[in-house]
Amino acid sequence: MKLIGTGVSPGVAYAKIKKLEIQHQLLNITGNLESILDSLDNVSIYLESQSRLVSDEVMQGILEAQSMMANDPDLKSEFINNWENYKSKNTLNELIEVVFDQFKKKLENIGGYFAERVEDINGINNLLKLNIMGEEFPEFELNEDCIVVAADLTPSDTSTMNLSYVKGLVIENGGPTSHTAIVARNLGIPAIVGCSDARNLKEDDLVLINGREGFLVKEPDFDFVESEKARESELINRYKRISGPGKLQDNTIIQLLANCGNIVDAKKAIINEAEGIGLFRTELLYLNQITAPSISEQVKVYSEIFEIFQGKKVIIRTLDAGSDKPVPFLNSVKEENPALGVRGWRLIREFHSVIKDQIKAISIAQESGKCDVWVMAPMIDTADEALEFSNLAKENGIKKIGVMIETPSAAMVSDQIFEIVDFASFGTNDLTQYVMAADRLDSRLSDLTNSWHPAVLRTIEIVGKNAQGKPLGVCGEAAADPLLAAVLIGLGVNSLSMASNSITEVKSFIANQDLGKCQNIAKEILKTKNAFEAKELAVKLFN
Ligand code: PEP
Ligand code: MG
């Protein structure tokens, strides 16, 4: 029997299954407001103490972030505000669900990275219920090698396991940027997520999992196990971890940078040997706020990140609020088409001082001289907008000024834009959405919201030709797909920024390609008719 999921951490493992039944459905929780608030404190303290028990820095960071989430004043206020409506009920279940749902929706509305944090909230929710009911926090004892199968695994669940026994992880839910994926990759444990059929597996079933390709085989025969192991070690040799900066086989330099939204990401990026940050998303600072953060608050946050990346390049993006990342105090007007509305750089029209203060804060933070700070604006459409941003940035002492290329219009006039700015970076998530006129959040349109589509690649080709040697990066999801990254290089891109856990794989793949080959293959890919054909041809031509 073969089950399919999403492979998120490469490797082949063969062992017995250990099923972790996590108590997710606690019914009839009783208590008062004080007990909820106290339990949130207890959960926060527990997560903090677990973070000190684990040796892995990434897990530590995730647990610390969760501990802070449990202690978030906004979460507590939600409980206080909702208490009157629910206090007369027999149980607290509904109140807890309502409050956590509101919190989760806020994150899901933002999409991408933030939506994946919903899993962390689930972890807090369960611990909270256990604590209110006076139950122990769960501990998972493992005493032999196994492949752990669970519906979901929270950071605190993982922190209680002896990970040396965990040969593989199979998670029924969860996405590719879930914490299970991050931790598994970091620890080198083969892992599959989104494998919903795994719920039918039984304790002690003997299985093989392939975390690179995302499948599980129950009771495989001996020859299959041996051939999968041999195939994997051949791939490991081919993609073996290469140290040092990113480059092609012919020594063409391709900087490999990390996308980052907070300190946890920044620490992960260092572990994953990012050469710097290619996209520092600053929206986190503004979400859940009723006014903009002060200049000094911003300076503190930016300086912390700059400190971590001492001596390296950090590309910080000015606020990209609106559409998939709404910030209530900036996006209060109801828009018919938020993706086409006042978002990104367009906020300058209505909130000049908010954007200006942010640029000022970046400028103050860069004065420490700790790292090489580059600043870019999102959702630039025209050369006039690029000039407006460039002037404001220059007035505030910013030295390296760039824009994101996320709209077809910016691509079409990129020759004019490059006369104004020092660099540009493709936001391929939005560029794909706008070139294809297909909502990036609508899963029904996944054949269109695919950056492999030749329409998107032809748009990128135009910009590549106009860049005239200026730094041209990619910081959307496309950069994390090794094959697509190589095609983008063939179209003129010279740096790639991605979730840092993808850096190793992209680095190894491009190290085996030279520029001429990437250019020739890109030319062929541009002639294909759809995203599927484009990728299929790339697989054939690169292998
Ligand atoms: C993009 O659009 O590709 C991008 C990097 O920006 P975001 O995903 O934050 O909109
Ligand atoms: Mg974007």
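Mentor: A polar contact here is a pair of N or O atoms within 3.5 Å; within protein, one must be able to donate a hydrogen and the other to accept it, and residues adjacent in sequence count only if both atoms are side-chain atoms. The model is predicted: local features need pLDDT of at least 70, side-chain atom pairs count only at pLDDT 80 or more, and totals for chains, interfaces and linings use all residues. Residues are numbered from 1 along each chain as its sequence is written, chains are lettered from A and ligands numbered from 1 in the order in which they are written, and side-chain values use heavy atoms, with hydrogens and water left out.

Trainee: OK. How far is an oxygen atom of ligand 1 from an N or O atom in the side chain of Arg281?

Mentor: 2.8 Å. Backbone atoms join in too. A polar backbone atom of Thr428 is 3.0 Å from an oxygen of ligand 1. For a polar backbone atom of Asp430 the distance is also 3.0 Å.

Trainee: How much of ligand 1 does the protein bury?

Mentor: 99% of the 290 Å² that ligand 1 exposes when taken alone. Those areas come from the Shrake-Rupley method with a 1.4 Å probe; for residues, only the protein chains shown count as cover.

Trainee: How many residues surround it, and which are closest?

Mentor: 14 surround ligand 1, each with a heavy atom within 4 Å. The closest are Arg281, Lys325, Gly427, Asn429 and Arg440.

Trainee: How does that shell divide into nonpolar, polar and charged?

Mentor: 3 nonpolar, 4 polar and 7 charged. Asp, Glu, Lys and Arg count as charged; Ala, Val, Leu, Ile, Met, Phe, Trp, Tyr, Cys and Pro as nonpolar; the others, Gly among them, as polar. Helix α16 gives the largest share, 3 residues.

Trainee: Switching to the magnesium ion. Which are its protein donors?

Mentor: Glu406 (OE) and Asp430 (OD), 2.0 to 2.1 Å from the ion, which is ligand 2. Glu406 is in the loop between β13 (400-405) and α14 (408-412), and Asp430 is in α16 (residues 428-436), 24 residues apart. Donors are N, O and S atoms within 2.8 Å of the metal (3.2 Å for Na, K and Ca); water is not among the atoms, so sites may look incomplete. Helices (H or I, at least four residues) and strands (E, at least two) are DSSP runs, numbered from the N terminus.

Trainee: Are those two donors buried or exposed?

Mentor: Both Glu406 and Asp430 are buried. That means under 20% relative accessible area; exposed is over 50%, partly exposed in between (1.4 Å probe, protein chains only).

Trainee: New topic. Where does Lys19 lie, and what does its side chain reach?

Mentor: Lys19 lies in strand β3 (residues 12-20). Its side chain reaches the backbone oxygen of Arg199 at 2.9 Å.
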